[in-house]
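Here are a few exercises to work through with the coordinates open in your viewer. Try each task before you read its solution.

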Amino acid sequence: MDEHSPLHPDRNLALELVRATEAAAIRTTPWIGKGCKNDADGAAVDAMRAFLATVDFDGVVVIGEGEKDRAPMLFNGEHVGTSRGPACDIAVDPIDGTSLTAAGRQNALSVIAVSDRGTMLDASGVFYMDKIVTGPEGKGVVDIRKPIGENLRAYAAATGREVGELRVAVLDRPRHEGLIQEIRDAGAGTRLLLDGDVAGGINAVRPGTRIDLCVGIGGSPEGITTACAVKALGGFMQATPAPRDAAERDRAIASGLDPEKVYELDDLVAGDNTLFVATGVTDGGLVDGVRRDGPVIHTSSIVLRSKSGTVRRISAEHLVSKWW
């Protein structure tokens with residue numbers, strides 16, 4: 001489809017979507033560090049949905065709050081937007097890192113990802129996916145089916161470094177104890193994430209960060225959202241469904257997912273027209289968090305677009321009086 005077709009998601013849509021992530025992040029601020037993650041998430045969902053309703057596009061939520069968070073809005077299959085403009089698949093996470101927000105920790109984001117209609121994998125049949133994310137040097141070099149030590153040695157060689165120079169982002173969970181030890185046994189270092197592995201995956205692709213790879217089992221919604229960003233950045237990603245038990249495995253198969261399949265980046269999100277938008281809720285390595293300075297609220301956002309290969313950073317000032 002022609003890039004300039006009114007049926008094609010474009011840069012103007014990306015800039016409109018920033019308004020929705022900004023709104024979600026701003027509405028979350030009263031709950032940062034208050035220990036009430038459900039209240040924070042509810043405020044973000046309400047704000048994001050209200051702003052999405054004003055955007056000229058025909059969006060279908062493929063990856064939403066859904067069953068994972070038992071959300072009444074922004075659920076899988078919900079239509080959002082004015083129904084005018086491009087037909088899109090949309091992944092939303094009003095707060096990636098609700099626990100981080102509740103605790104006042106770093107790296108909480110408000111996130112939206114968009115692709116052409118019918119191109120985003122519906123991974124809602126499983127809660128979790130195992131993934132590996134690297135920079136472009138990982139293409140044809142790294143494979144999720146191989147032991148992590150072998151992948152680290154191959155990636156180090158491809159990037160002209162020693163394994164000991166590599167830093168690997170992993171969610172700090174009991175399920176990853178063995179993986180973390182394997183990484184360290186191979187000679188690489190770890191960056192243990194309390195939550196929010198979307199930012200970890202993005203930073204694994206971006207040059208100049210302190211993360212070289214992002215690996216391990218995380219939420220399947222976060223995996224698809226990350227895939228949209230990785231595609232925009234030209235990185236490498238593979239994922240496999242990680243059902244927790246036999247019943248979930250059966251549900252995954254019934255939904256069309258193959259628990260044995262390695263899903264390549266083009267399987268996770270097809271085509272070359274993805275948009276990824278994120279606004280910081282709390283400070284982090286990707287963007288700064290929301291900050292109030294007297295009568296002004298400051299927000300920091302990042303916009304990635306695969307069609308043009310661009311990364312845009314947007315700093316905005318909002319009058320407090322317009323929000324409360």
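The exercises below treat a predicted model.

**Exercise 1. Strand β1 and its partners**

Task: Find which strands pair with β1, in which sense, and through which residues.

Solution:
- Step 1. Locate β1 at residues 58-63, and check its exposure: six of its six residues are buried, so by the cut-off of under 20% relative accessible area the strand is mostly covered.
- Step 2. Look for a parallel partner. Strand β3, residues 87-96, pairs with β1 in this sense over five bridges. To anchor the register, take D58, whose bridge partner in β3 is A87.
- Step 3. Look for an antiparallel partner. Strand β2, residues 79-80, is joined to β1 by two bridges. Here V60 has H79 of β2 as its bridge partner.

**Exercise 2. The open sheet of six strands**

Task: Work out the strand order of the open six-stranded sheet and name its edges.

Solution:
- Step 1. Trace the strands from neighbour to neighbour, which gives β7-β6-β8-β5-β9-β10 with mixed pairing.
- Step 2. Pick out the strands that pair on one side only: these edge strands are β7 and β10, the latter at residues 263-264.
- Step 3. Inspect the β10 end. Strand β9, residues 236-241, runs antiparallel to β10, with two bridges between them. One pair to display is Q238 with its bridge partner E264 in β10.

**Exercise 3. The second largest pocket**

Task: Describe the volume and the lining of the second largest pocket.

Solution:
- Step 1. Start with the volume, which is about 250 Å³.
- Step 2. Select the lining: Q106, N107, R191, L193, A199, G200, N203, T209, R210, I211, G284 and G285.
- Step 3. Assign these residues to elements. Those that give two or more residues are β7 (189-193) and α7 (197-205). The largest share, three residues, comes from α7.
- Step 4. Sort the lining by chemistry: three residues are nonpolar, seven polar and two charged.

**Exercise 4. The setting of T101**

Task: Decide whether T101 is buried or exposed, and list its contacts beyond its sequence neighbours.

Solution:
- Step 1. Place T101 in helix α4, residues 98-103.
- Step 2. Compare its relative accessible area with the cut-off: the value is 0%, and buried means under 20%. T101 is therefore buried.
- Step 3. Leave out the neighbours within four places in sequence; T101 is then in contact with T28, W31, I32, G33, A40, I95, A108 and V281.

Terms used: Residues are numbered from 1 along each chain as its sequence is written. This is a predicted model: local features need pLDDT of at least 70, side-chain atom pairs count only at pLDDT 80 or more; totals for chains, interfaces and linings use all residues. Side-chain values use heavy atoms; hydrogens and water are left out. Two strands pair if DSSP finds at least two bridges between them. Helices (H or I, at least four residues) and strands (E, at least two) are DSSP runs, numbered from the N terminus. On a 1 Å grid over the protein atoms alone, a cavity is a set of points where a 1.4 Å probe fits but cannot get out, and a pocket is an open set with protein on both sides within 12 Å along at least five of seven lines; lining residues have an atom within 4 Å of a point. Grid points are joined across faces, edges and corners, and a volume is the space filled by probe spheres set on the points. Ala, Val, Leu, Ile, Met, Phe, Trp, Tyr, Cys and Pro count as nonpolar, Asp, Glu, Lys and Arg as charged, and the others, Gly among them, as polar. Buried means under 20% relative accessible area, exposed over 50%, partly exposed in between (1.4 Å probe, protein chains only). Contact means heavy atoms within 4.5 Å.
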